[in-house]
Amino acid sequence: MLEIIVLPLLTMVTCKETRAAIIAVHKNGFTGKDIVATKIAPKSTIYRFIKNFKERGSILVKKASGRPRKSSKRQDRLLKRIQLRDRSATSAELAQEWQQAGVSISARTVRRRLLEDGLVSRSAAKKPLLSKKNIRDRLIFCRKYSEWTAEDWGKVIFSDEAPFRLFGASGKRLVRRRKGERYHQSCVMPTVKHPDTIHVWGCFSSKGVGSLTILPKNTAMNKEWYQNTLQQQLLPTTQQQFGEEQCIFQHDGAPCHKAKVITKWLGDQNVEILGPWPGNSSNLNPIENLWSILKRRVDKQKPTNSDKLQEVIMKEWVAISQDLAQKLIESMPSRIAEVLKKKGQHCKY
């Protein structure tokens, strides 16, 4: 009789199904010895299943506790404090310092413990160093303009200078490659020791990009060049985009921007200035995002000489849509709020 019941169950392959079959037969009144005779499973396994069922009243197996942890919760908290004290410490360095506290553990285990606390290893974001004065000035600026809406910021023309270099050195470049293709010609970014660098000045508002000036090779922006740029590029842009409507001009605190001759010239032209602009606050200026976008587009064209680089820069600049410019301008209230939230420190922008 037992063979008739159990025989169809012999085809079952999973331990869970075998366990269920053994318990089902046992519940029908058959002993362990009877079930062993069917050879559905090893004798020790059958008796273990029956014993567990009698003790727990379930066919489910109690989950094993696994290998005991080598560190206590208190020691884990110590590791977290050590890491937060020095964010750049490697897992090997942390393991060594943890060992001095009496915990003998591998660097791999250190990484697992930190992951449990949400501490993931990532490339550090590169941001300008903020002094106490920078932080204070950022807060003053953001409080001053905290009530401005996107419509208010739409009346501002943002400006800045930026360098562009040959061979993709202006920005990052990602490639998709197969195994063994790391140094394939199509997967490398060529570099040179002294790449040609082109400096540009540009401005934009919610109405779109304005003029873009490319400085002559090996020429740095100074007060003479800056005044000429404002005369030849800024004024036509304000006239084209705003007409007789009053707009506000933004520029940072670079020495040539703060020169007395520039301040006087701007006053003579009745140009209203936004600010004073806080130092080391590129993340408050949406033109920095515009430069990043422009550099990626330029690098994608892979210019091979300075003339071609200049040509591509101008072509890609005028191709920037008004929708993109407006979207960047409309981010200003969020930028201001984020800096205030971070109490003047760096934020995501």
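A disulfide, as the term is used here, is a pair of cysteine sulfur atoms within 2.5 Å. The exercises below concern a predicted model, in which local features need pLDDT of at least 70 and side-chain atom pairs count only at pLDDT 80 or more, whereas totals for chains, interfaces and linings use all residues. Residues are numbered from 1 along each chain as its sequence is written, and side-chain values use heavy atoms, with hydrogens and water left out.

**Exercise 1. Cysteines**

Task: Determine how many disulfides the structure holds, and explain why the sulfur of cysteine 203 has no bond to the closest cysteine sulfur.

Solution: Applying the cut-off gives zero disulfides in the structure. The closest cysteine sulfur to that of cysteine 203 belongs to cysteine 247 and lies 9.7 Å away, which is too far for a bond. The next step is burial, where buried means under 20% relative accessible area, exposed means over 50%, and partly exposed lies in between (1.4 Å probe, protein chains only). Cysteine 203 has a relative accessibility of 0% and therefore counts as buried, and cysteine 247, at 12%, also counts as buried.

**Exercise 2. Nonpolar cores**

Task: Identify which residues have the most contacts inside the largest nonpolar core, and find which helix gives the most to this core.

Solution: A nonpolar core is a set of buried Ala, Val, Leu, Ile, Met, Phe, Trp, Tyr and Cys residues joined through side-chain atoms within 4.5 Å. The largest such core has 37 residues, and those with the most contacts inside it are Phe141, Trp153, Phe204, Leu274, Leu290, Trp291 and Ile313. Among the elements that each supply at least two residues of this core are helix 8 (132-144), strand 1 (156-165), strand 2 (197-205) and helix 14 (306-318); here helices (H or I, at least four residues) and strands (E, at least two) are DSSP runs, numbered from the N terminus. Helix 13 gives the most, with six residues. A second, separate core of 17 residues includes Ile157, Cys203, Cys247 and Cys256.

Taking contact to mean heavy atoms within 4.5 Å, and leaving aside neighbours within four places in sequence, one finds phenylalanine 141 in contact with Trp153, Leu274, Gly275, Pro276, Trp277, Pro278, Leu284 and Ile336.

**Exercise 3. A strand pair**

Task: Work out in which sense strand 2 and strand 3 pair, parallel or antiparallel, and why strand 3 is largely enclosed by the rest of the structure.

Solution: Two strands pair if DSSP finds at least two bridges between them, and strand 2 and strand 3 pair in the antiparallel sense over five bridges. One of the residues to examine is tryptophan 201, whose bridge partner in strand 3 is threonine 213. Strand 2 and strand 3 form a hairpin, with two residues between them. Finally, six of the seven residues of strand 3 are buried, so this strand is largely enclosed by the rest of the structure.

**Exercise 4. Two helices with a buried face**

Task: Find which residues are buried in helix 12 and in helix 6, and explain why those of helix 12 line one face of the helix.

Solution: Start with helix 12 (residues 260-268), whose buried residues are Ile262, Trp265 and Leu266. Seen down the axis, these fall within an arc of 100 degrees (the arc being that of the directions from the helix axis to the C-beta atoms), so they line one face of helix 12. The face turned away from the buried side carries the exposed residues Lys260 and Lys264. The cover over the buried residues includes helix 10 (223-242), strand 4 (248-250), helix 11 (255-258) and strand 5 (272-273).

In helix 6 (residues 91-100), the buried residues are Ser91, Leu94, Ala95 and Trp98. They cover an arc of only 100 degrees around the axis, which puts them on the same side of helix 6. On the other side of helix 6, Gln96 and Gln100 are exposed, while helix 5 (73-85) and helix 7 (107-116) are included in what covers its buried residues.

**Exercise 5. Aromatic rings**

Task: Classify the pair formed by tyrosine 145 and tryptophan 153 and the pair formed by tryptophan 153 and phenylalanine 158.

Solution: Rings of Phe, Tyr and Trp (its six-membered ring) pair if their centres lie within 6.5 Å, and planes under 30 degrees apart count as stacked, over 60 as edge-to-face and the rest as tilted. The structure holds nine aromatic pairs. For tyrosine 145 and tryptophan 153 the centres are 5.6 Å apart and the planes are at 50 degrees, so the pair is tilted. For tryptophan 153 and phenylalanine 158 the centres are 6.2 Å apart and the planes are at 25 degrees, so the pair is stacked.
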